[in-house]
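Colleague: Before I rely on any of the labels attached to this model, I would like to hear the reasoning behind each of them.

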Amino acid sequence: MTTDTKAVHSPQLDTVLMVESFIKEHSGEYKKRALWEKMPRKIMYQTFSTIITYLQDSGKIATDADKKICWIHNPELVQRFLKSANLKVR
């Protein structure tokens, strides 16, 4: 490894699950920085930001007009819509 190469750090699964759980419980209450400050266990902001990016890219969270983070992932609702005879998947 050269001195110019940076090691990539991935968050541990238990940390990702903690953030997911906390966001589900407090959906729409906090902006990103406040959410990070309220985490039940302290984590580095860079790690937190990586998790937030992952959750946004995977369609589990979104930010509202006030920049508050909301949990939007609902697989049960998707399955119910997919089973509906009135809808088609393109």
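The exchange below goes through the labels one at a time.

Modeller: This is a predicted model, in which local features need pLDDT of at least 70 and side-chain atom pairs count only at pLDDT 80 or more, while totals for chains, interfaces and linings use all residues. Residues are numbered from 1 along each chain as its sequence is written, and side-chain values use heavy atoms, with hydrogens and water left out.

Colleague: What is the average pLDDT of the protein chain, and which helix scores lowest?

Modeller: pLDDT is the predictor's confidence in each residue, on a scale from 0 to 100. The protein chain averages 89, and 90% of the residues score at least 70. Among the elements, helix H4 (residues 75-83) has the lowest mean, 82, and helix H2 (residues 32-38) the highest, 98.

Colleague: How many helices and strands does the protein chain have, and in what pattern do they follow?

Modeller: Helices are DSSP runs of H or I with at least four residues and strands are runs of E with at least two, numbered from the N terminus. On that basis the protein chain has four helices and two strands, in the order α-α-α-β-β-α along the sequence.

Colleague: Why is the protein chain called more spread out than a compact globule?

Modeller: The radius of gyration is taken over C-alpha atoms, and the globule rule is 2.2 Å times the number of residues to the power 0.38. For 90 residues the rule gives 12 Å, whereas the protein chain has 17 Å, which is well over that value, so the chain is more spread out than a compact globule. The C-alpha trace spans about 60 × 35 × 25 Å along its principal axes.

Colleague: What makes Phe-48 buried, and how is Tyr-45 classed?

Modeller: Buried means under 20% relative accessible area, exposed means over 50%, and partly exposed lies in between (1.4 Å probe, protein chains only). Phe-48 has 0% and therefore counts as buried, whereas Tyr-45, at 31%, is partly exposed. Thr-15, in helix H1, has 9% and so counts as buried too.

Colleague: Why is the pair of Trp-36 and Tyr-45 called edge-to-face, and why is the pair of Tyr-45 and Phe-48 called tilted?

Modeller: Rings of Phe, Tyr and Trp (its six-membered ring) pair if their centres lie within 6.5 Å, and planes under 30 degrees apart count as stacked, over 60 as edge-to-face and the rest as tilted. The structure holds three such aromatic pairs. For Trp-36 and Tyr-45 the centres are 4.9 Å apart and the planes are at 85°, so the pair is edge-to-face. For Tyr-45 and Phe-48 the centres are 6.1 Å apart and the planes are at 40°, so the pair is tilted. Ring pairs link Trp-36, Tyr-45 and Phe-48 into a cluster.

Colleague: How many residues are in the largest nonpolar core, and which helix gives the most to this core?

Modeller: A nonpolar core is a set of buried Ala, Val, Leu, Ile, Met, Phe, Trp, Tyr and Cys residues joined through side-chain atoms within 4.5 Å. The largest has 16 residues, and those with the most contacts inside it include Val-19, Met-39 and Phe-48. Helix H1 (13-25), helix H3 (45-57) and strand E2 (69-71) each supply at least two residues, with H1 giving the most, five.
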